[in-house]
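Me: I am new to this structure and would be grateful for a close look at one part of it. Please begin with a salt bridge that joins distant parts of the chain, and then follow the account outward to the other contacts and to the empty spaces.

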Amino acid sequence: MPSTISCAKLADLFDGNTPFALIDVREAGEYNSSHIPGSSLISRRDLEFLMADSVPFLGTQVVVCDDDGRRAELAADTLAQIGYTNVSALEGGMNRWVTERRPTEWGVNVPSKDFGEKVQVQHGVPEIDAVELKSRMDSGEKMIILDTRTPEEFRRFCIPGGRSVPNGELGLRITDIVEQTDDDTTVVINCAGRTRSIIGTRLLQRMGVQNVIGLENGTAGWELAGYELETGAGADRAILPQPTEAGRASAEEFADRLAEQDGVRYIDVSTLREIAARSDGESVYLIDVRTEQEYNAGHIPGFRWFPGGQAVQRSDEVAVVHNAPVVFCCDGRTRAALTASWYRQMGFDEVYALHGGTAAWTQAGNSLESGSPDSEPLGLAEALDRVRALSPDETQRSSDATLIHVGLSSEFAQGHVPKASWVPRGWLELRIEDVAPDKSVPIIVTCSGSDSRQAVFAAAILLDLGYTDVSALDGGMSAWQESGRAVEKGLTGVMYTPSDMVASGPDRNFADKINYLRWEEELGHKYAPIS
């Protein structure tokens, strides 16, 4: 049995300065409905895949939680098996936490969204609603619409005439963009909802950009007002122009001023080495905030890619360990310093920006790495050694085997091997006997995608439970379908209500969008001055 920690001791951790991580191992839908503030979602099925980046030092104090403690204990065992040495399960889980009348919240990436609403309330970030914006567009008013979401989101849909400038790139490139417009041009900032629009607009406010305003509720607000979004925007509006020397100099001057005001600490290459060396005894986050193309072309070894705008939007995914040092880097200092500035404003204490970025690194005689590291999930090699792989032909010939699919419910619905049962990996030990009570009957585990890693991990668990004949479909459902075999679709026969999916963006219906936007706005109410 793994060790446990009481709710009171967990609350003490939040009040102290000790580095620790609180990992909620439930499914995304459960986490979205209610979770402990300060917890990060890493569903049990993702532990081997995400923990190396999320909690880099294996000796970090890790607390895992769920609803009643059962899955947390299983997750604690998994973490111990893949090398984590200081893991405990929250005693009684969320149920005990609530029983003791401790705080909860709902939603995802709440720390960043809460911060965005705080910025809105405290700084009076100017906004325009969709109806007024459409009226001003129709009247021919001079404006540029800058979409601060990711390029991928922008290409799916955008405000008509919008241009992609992700938040992490906005400070570096805005001077050049504005200089190409007339003085009376309005700069409109939008995202999908609220947070990234607020953050982008506030940044330009601080930079002194004139006539800047955020689109209230972003693309969701545009749709709710009855207007159509543009799809498939031209590549010319999705490609970021290279900043001029004058534009870069202006951005760096502003970044230096912000770093001083917000308490961002610049470091040189020598100090970076000292901080990185601390990873032998604590979790340290090294984050490259440039574009993916720049990162892949050459980055400092050990740095993980997380674009600046998304790093601010998803801070609880970037820095999972509380009270851990975070170092940001770019090619110079603007993007790193601006991202670090937001983290300082969010309350992170030990935040650094590498002065000179990758350029300083190479000037010091060091080499860059190219490409995107594809680290092997923790414990995969050991699981592969134990689990037999079956081809689609062998799987089809195993007519007496029990077939289970351990992927997401949406993946199961999109297509699974005929007669397979859905047994989500996070619940595997607790539900496998419902479909396979006899441990001597052959079991074939399947999953979605072009690899069988989730199935391999699940099969290894079944072997640990005493099942004697367990194998995994080699190549996953991609191999099955590529071999020309039929699939079943839908959730027919599923014995449990799926709790692993959360509708987002375009997948939300209008009612969900309204509730979501109202929830975001209400986060800021507590920051309003008391009249």
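Reply: In this predicted model, Arg 194 and Glu 117 form a salt bridge, and their closest N and O atoms are 2.7 Å apart. The two residues belong to distant parts of the chain, 77 residues apart: Arg 194 sits in the loop between β9 (186–190) and α10, while Glu 117 sits in helix α6. Arg 194 counts as buried because its relative accessibility is 3%. Glu 117 counts as buried as well, because its relative accessibility is 1%. With a limit of under 20% for a buried residue, both ends of this bridge fall on the buried side.

This pair is part of a wider set, for a search of the whole structure finds 38 salt bridges. Another is the one between the side chains of Glu 48 and Arg 425, at 2.4 Å from N to O. Glu 48 is in helix α3 (residues 47–54) and Arg 425 is in the loop between β18 (421–422) and α22 (428–435), so this bridge ties together parts that are 377 residues apart in sequence. Glu 48 and Arg 425 are both buried.

A further bridge joins Asp 393 to Arg 485, with the closest N and O atoms 2.2 Å apart. Asp 393 belongs to helix α20 (residues 392–397), and Arg 485 to the loop between α24 (476–482) and α25 (510–523), so the pair ties together parts that are 92 residues apart in sequence. Asp 393 is partly exposed, at a relative accessible area of 41%, whereas Arg 485 is buried, at 16%. Salt bridges can also share partners, and in this way Glu 169, Arg 173, Arg 248, Glu 294, Asp 331 and Arg 335 are joined into one network.

The account now returns to helix α6, which holds Glu 117, by way of a pocket. The second largest pocket has a volume of about 860 Å³. Three elements give two or more residues to the lining of this pocket, namely α1 (7–15), α6 (110–123) and α16 (315–318). Of these, α6 gives the most, with five residues. The lining of the second largest pocket consists of 31 residues, and those nearest its centre are Pro 111, His 322, Met 346, Gly 347 and Phe 348. By class, this lining is made up of 14 nonpolar, nine polar and eight charged residues.

Enclosed spaces come next. Rolling a probe the size of a water molecule over the atoms shows where empty space is left. In the whole structure, the search finds three cavities of 30 Å³ or more. The largest cavity has a volume of about 130 Å³. Its lining draws at least two residues from each of α9 (167–179), α10 (195–207), α15 (308–313) and α17 (334–345). Helix α10 has already appeared here as one end of the loop that holds Arg 194. In total, 14 residues line the largest cavity, and Asn 167, Gly 168, Gly 309, Val 312 and Trp 342 lie nearest its centre. The classes in this lining are five nonpolar, seven polar and two charged residues.

The second largest cavity has a volume of about 50 Å³. Its lining consists of Glu 27, Trp 422, Pro 424, Trp 427, Arg 431, Thr 497, Pro 498, Ser 499 and Asp 500. Four of these residues are nonpolar, two are polar and three are charged.

Two further places may be set beside each other, one of them buried and the other at the surface. Ala 353 is part of strand β15 (residues 351–354) and counts as buried because its relative accessibility is 0%. From C-alpha to C-alpha, Ala 353 and Val 188 are 29 Å apart in space, and 165 residues separate them in sequence. Leu 224, by contrast, counts as partly exposed, since its relative accessibility is 33%. Leu 224 is located in helix α11 (residues 218–224). Together with Phe 510 and Ile 514, Leu 224 forms a nonpolar patch on the surface, and the accessible area of the three together is about 250 Å².

Terms used:
Residues are numbered from 1 along each chain as its sequence is written. This is a predicted model: local features need pLDDT of at least 70, side-chain atom pairs count only at pLDDT 80 or more; totals for chains, interfaces and linings use all residues. Side-chain values use heavy atoms; hydrogens and water are left out. Patches are made of residues with over 30% relative accessible area and no salt bridge: like charges are joined within 9 Å, nonpolar side chains (Val, Leu, Ile, Met, Phe, Trp, Tyr) within 5 Å. Accessible areas come from the Shrake-Rupley method with a 1.4 Å probe; for residues, only the protein chains shown count as cover. A salt bridge is a side-chain nitrogen of Lys or Arg within 4 Å of a carboxyl oxygen of Asp or Glu. Helices (H or I, at least four residues) and strands (E, at least two) are DSSP runs, numbered from the N terminus. Buried means under 20% relative accessible area, exposed over 50%, partly exposed in between (1.4 Å probe, protein chains only). On a 1 Å grid over the protein atoms alone, a cavity is a set of points where a 1.4 Å probe fits but cannot get out, and a pocket is an open set with protein on both sides within 12 Å along at least five of seven lines; lining residues have an atom within 4 Å of a point. Grid points are joined across faces, edges and corners, and a volume is the space filled by probe spheres set on the points. Ala, Val, Leu, Ile, Met, Phe, Trp, Tyr, Cys and Pro count as nonpolar, Asp, Glu, Lys and Arg as charged, and the others, Gly among them, as polar.
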